[in-house]
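Okay, thanks for squeezing me in. I'd like to walk you through how the strands line up in this one, so let me put it on the screen.

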Amino acid sequence: MTKSRKMLLACAATALALPSAAQADGGLTFIIDGDTFNQPYSITNTSTAGETVLGFGISLISPYGFDTEAGGFGATPTPFSPVGGTDVTTGYTGPAAFADGSTALDFTFNDFDVGETFSWDIDVDFNSTILTVFGNDLIGSTGYADFSNGLRGNGIFEAVAGNADAAQFMIQTFTPTPGGVPEPTTWAMMILGFGVVGSKMRRRKSKTRLSVSYA
């Protein structure tokens with residue numbers, strides 16, 4: 001590998017690493033408190049560096065599932081209805097329906113800004129039996145939140161201190177979003193890096209031409 005190529009790759013890597021301080025600030029608040037049948041679920045974008053939420057998902061621990069129809073689990077996909085117009089404010093893009101008995105939900109958004117909340121109604125049951133399920137029953141379930149900085153916050157539902165029947169989503173690690181695209185600031189730093197390398201290469205060529213002598 002030539003020296004100039006090594007410089008180019010190193011500069012690109014540096015540019016990608018520069019936004020890392022802001023990337024760690026992606027945040028999302030979600031608490032399941034009490035009977036899952038009687039209350040709406042709400043997630044709030046609590047990022048501290050202006051990141052928007054692009055996606056959110058939940059995977060329930062066994063043997064729980066989402067009951068979208070009255071009377072236990074069935075097989076028919078059921079239309080999904082967000083609460084209070086929060087689908088509009090957050091730019092909810094889908095899906096439009098979930099299969100009854102699903103053990104996982106995955107949402108996508110295109111305008112979920114800091115401070116905004118997305119809410120929805122859906123029950124959680126125990127297998128195919130009608131059973132009251134509380135938030136604390138879902139401790140150990142996992143989830144993720146995708147942010148506009150190109151990172152996915154992977155988390156788990158944990159106990160809430162002083163609230164025996166609740167669980168809260170806590171991000172544990174950040175990884176690159178599958179198929180994610182860097183945000184504009186990342187691209188800007190990469191372009192700047194390429195420009196610096198290009199400038200150095202041009203100066204080197206200029207010096208080489210000036211040092212040539214003819215007999």
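**Around β13**

Let's start with strand β1, residues 28-33, which is joined to strand β13, residues 163-176, by 3 bridges, with the two running antiparallel. Keep in mind that this is a predicted model. If you want a residue to click on, take Asp33: its bridge partner in β13 is Ala166.

Now over to strand β12, residues 151-160. How many bridges does β12 share with β13? There are 10, and the pairing is antiparallel. Leu151 has Pro176 as its bridge partner in β13, and Arg152 sits opposite Thr175 of β13. β12 and β13 make a hairpin, with 2 residues between them. Have a look at Gly162 in that turn, because you'll find a positive phi there, about 80°.

Okay, zooming out. In what order do the strands of the open sheet come? There are 9 of them, and they go β6-β8-β3-β11-β12-β13-β1-β2-β9, with antiparallel pairing. So what about the edges? Those are β6, 92-94, and β9, 117-120; each has a single partner strand, so one side of each is left with no neighbour in the sheet. As for the twist, neighbouring strands of this sheet are turned by 20° against each other on average, ignoring direction.

That's my tour of the strands; happy to rotate the view if anyone wants to look again.

Definitions and conventions: Residues are numbered from 1 along each chain as its sequence is written. This is a predicted model: local features need pLDDT of at least 70, side-chain atom pairs count only at pLDDT 80 or more; totals for chains, interfaces and linings use all residues. Side-chain values use heavy atoms; hydrogens and water are left out. Two strands pair if DSSP finds at least two bridges between them. Helices (H or I, at least four residues) and strands (E, at least two) are DSSP runs, numbered from the N terminus. Axes are lines fitted to C-alpha atoms, for helices over the stretch in contact, and angles run from 0 to 180 degrees between N-to-C directions.
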